[in-house]
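User: Can you walk me through some of the details in this one? I'd like to go through it question by question.

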Amino acid sequence: MRFRAKIVDVACLNHFTRVINTIAKLAKTCTLRLTVDKLYFILTDKVANGGVSMWCELNQGNFFDEFQMEGVAAEHNEIYLELTPENLSRALKTAQNAKTVKIKLTNKHCPCVTVAVELPSLSSSSRIVTHDIPVGVIPRRLWNDFREPSVPDFDVSIYLPVLKTMKSVVERMKNLSNCIVLEANLNGEMNLKIETDLVSVTTHFKGLGNPPWVSEDGSQNSTQDRDPESMAEARIDIRKLLQLLAGQQVNPTKALCNIVSKRIVHFILLHEEVSLQYFIPALA
Amino acid sequence: MRCLVTGGNVKVIGKAVHSLSRIGDELYVEPTEDGLSLRAVNSSRSAYACFLFAPLFFQLYEEGSLDPDGETFRCKVLMKSFLGVFRSLPSLEKMVEKCLISLNPRASRLVVQLHCKYGVTKTHNLSFQECELLQAVFDKELCANTLRAPARVLVDAVVHFPVTLAEVTLGVSPAGKVSFRNYLDEETEPSRTMVTELCLSEDEFQDIQVQQQSHVTFCLKEFRGLLSFAESSNLPLNIHFDSPGRPAIFTLSDPLLEVHLVLATLSDPNSSSQVHSTTLQARPANGAFPTATPDDDFTGDDIDSYMIAMETTCEEGLGLPSSPTFPQRHPHPGAGLESQSSAMESDLEGAVPGTPPQKKFRSLFFGSVLTPSQAGTHPGPSQDVLAEDSEGES
């Protein structure tokens, strides 16, 4: 099992750092899956996470100048690691003006992801900072736990409002209640509602648009039969929603959510080189 | 005492107070003929700092008359109160034209008066306590290793460590490699904690003198406090250190100002240079030092021996070469003695609970004030008697 990668371009480094910062805000520990072409940050829906799951995919070619990966075996050419993304975020934080950043899998006192940053300095030789981040190697027999979640059979799919606006609305609501109701219909309307004994607050968004989904067999999606005015709703933990919105450092190219009434909300945020899916289960 | 600070020097005093506030809760103020000294020490006696401003730093410097015993007046004030006067450095810079610090022993206040723009004068009357001499005994000439670098280099070095990191290990080798690494104490699990190491080459230093490979571990918080002062002063920072366990001394100097920061370093239980059998528990972060079995020698360590240790050093101290900034003091005769030694005792008792139990730094050695008769009654010991906290960790 071997992994070595190098980033030389400052813009790629900044972008990669931003992705890591977003992941760090969403999960305390997660799984990093390395394949020949991609990196995945995966969080599976364990009770400890509040049932939340996350799937984030990056094309390695968009970030790394060099990328060498040798998986656990020839026919399973992948590596699965458990790590704390906050550590990676910290290591990259002070590396933004680096000449090069190398990331490799090493075995120090335990398996580690080592981030070696070469920084410019006034002297002839560069300054080197190394960060050894302990990781856990996930054995092959557990790899099945980390499969890509399928798109649920949703009732409504709708584009999200501008995330910054949505975030400031949710932030204020957070002070009033722990749960928020997210409802939307096929007419491009979405409401965010909180209800407590003393007060209820609703914010209405209109004209959002609904993404066209085509199912695999080419037939029309069953949602076409649905009454466009009828709202699908789910009551979710407001902090989880805020974590997702607050972690976004750059506006995504596309942002949408799929609502399975009273069951789950599936968020999809697409950037040019990164895709992020986030599932928040509905509360009882 | 009256000291008048004007212009840009007001901000320098402000920055010095900020730096000292990272160390201790009380600010010791002492006007001497060499200048005004501001000092602080932390509760576990593992960090000490002294800023000595020469008379020429001030537009007006009057040391004040000596008291009938021939001693200059010294006092301590609450750091919080003094810092409050200089809290906002940007507004100090913008608004304050002059700062007058005056001390009148007969009145009961230390007066800090800020003369600001637009005819505004802010007068702060701070209450003070008379206090014993606060003086760490150390000699940088005795340190085997010296580094000198612009503060900028060191600031850039520690930026890679998290703000919450408690201790950092500085390593040097005769080949000219200098490294900083975060220290993992025995409570942290190595398989879960990120280890960060920064290597600097000798070219980045203005001076390196290293006798043999060594590592010392000290508290980062107090070091950062000094670094932020050093960075704004543009002076190069000197680091003098020796083997683990012996204090590390950080200095800045220019004709008008001398700064000393002395930090205790973690001792390496297996170090051959260790004189004492009281050991510290220091599990190696990276295998560099072998794991030590705890040696609990604290049963014999009680307040009396601590007091004796202090007397001893005072006696020894008279024989040590004196550092130019800290002239040796004559023992303060009898009358105030009882209150002073009980003050020390209560300081000690107060110090014990304040010491974080898992950090066994050797406390720095302070000269005490005793009559010559008391000072004479003990065996000649080694140069630095290091007093452990009587709370032992098993």
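User: Is Arg74(B) buried or exposed?
Analyst: Bear in mind that this is a predicted model. The cut-off for buried is under 20% relative accessible area. Arg74(B) comes out at 9%, so the label is buried.

User: Which residue does Arg74(B) form a salt bridge with?
Analyst: Arg74(B) sits in the loop between strand S5 (60–62) and strand S6 (75–78) of chain B, and its partner sits in strand S2 (residues 26–32) of chain B, so the pair ties together parts that are 44 residues apart in sequence. The closest N and O atoms are 3.6 Å apart. That partner counts as buried at 4% relative accessibility, and the residue is Glu30(B).

User: What is the bridge partner of Glu30(B) in S3(B)?
Analyst: S2(B) pairs with strand S3 (residues 35–41) of chain B in the antiparallel sense, over 5 bridges. The two strands form a hairpin with 2 residues between them. Within that pairing, the partner of Glu30(B) is Ser37(B).

User: How many of the 7 residues of S2(B) are buried?
Analyst: S2(B) also pairs with S6(B), antiparallel and over 4 bridges, where Leu27(B) has Val77(B) as its bridge partner. The strand is mostly covered, and the number of buried residues is 6.

User: Which strands are the edge strands of the open sheet with 9 strands?
Analyst: The order is S5(A)-S1(A)-S7(A)-S8(A)-S9(A)-S14(B)-S13(B)-S12(B)-S16(B), with antiparallel pairing. An edge strand here pairs on one side only, which gives strand S5 (66–70) of chain A and strand S16 (214–219) of chain B.

User: And by how many degrees are neighbouring strands of this sheet turned against each other on average?
Analyst: Direction is ignored for this value. The average turn between neighbours is 15 degrees.

User: Where chain A meets chain B in that sheet, what is the bridge partner of His131(A) in S14(B)?
Analyst: Strand S9 (residues 127–134) of chain A and strand S14 (residues 195–200) of chain B pair in the antiparallel sense over 5 bridges. For His131(A), the partner in S14(B) is Thr196(B).

User: Which helix packs on the sheet, touching S9 of chain A?
Analyst: The helix also touches strand S13 (178–182) and S14 of chain B. Its direction makes about 155 degrees with that of S14(B). It's helix H4 (residues 151–158) of chain B.

User: Which residue meets Arg127(A) in a salt bridge that crosses between chains?
Analyst: Arg127(A) is in strand S9 of chain A, and the partner is in the loop between S14 and strand S15 (207–209) of chain B. Arg127(A) is buried at 7% relative accessible area, and the partner also counts as buried, with 7% relative accessibility. The N to O distance is 2.8 Å, and the partner is Glu204(B).

User: How many salt bridges are there over all chains?
Analyst: Another one joins Arg246(B) and Asp242(B), at 3.5 Å from N to O. In that pair Arg246(B) counts as partly exposed at 28%, while Asp242(B) counts as buried at 15%. Some bridges share partners, and these join Arg127(A), Arg152(B), Asp156(B), Glu204(B) and Glu231(B) into one network. The search of the whole structure gives 22.

User: Last one: how far is the C-alpha atom of Thr29(A) from that of Phe41(A)?
Analyst: Thr29(A) lies in the loop between helix H1 (10–26) and strand S2 (30–34) of chain A, and at 37% relative accessibility it counts as partly exposed. Thr29(A) and Phe41(A) are 12 residues apart along the chain, and their C-alpha atoms are separated by 9.9 Å.

How values were computed. Residues are numbered from 1 along each chain as its sequence is written. Chains are lettered from A and ligands numbered from 1 in the order in which they are written. This is a predicted model: local features need pLDDT of at least 70, side-chain atom pairs count only at pLDDT 80 or more; totals for chains, interfaces and linings use all residues. Side-chain values use heavy atoms; hydrogens and water are left out. Buried means under 20% relative accessible area, exposed over 50%, partly exposed in between (1.4 Å probe, protein chains only). Two strands pair if DSSP finds at least two bridges between them. Axes are lines fitted to C-alpha atoms, for helices over the stretch in contact, and angles run from 0 to 180 degrees between N-to-C directions. Contact means heavy atoms within 4.5 Å. A salt bridge is a side-chain nitrogen of Lys or Arg within 4 Å of a carboxyl oxygen of Asp or Glu.
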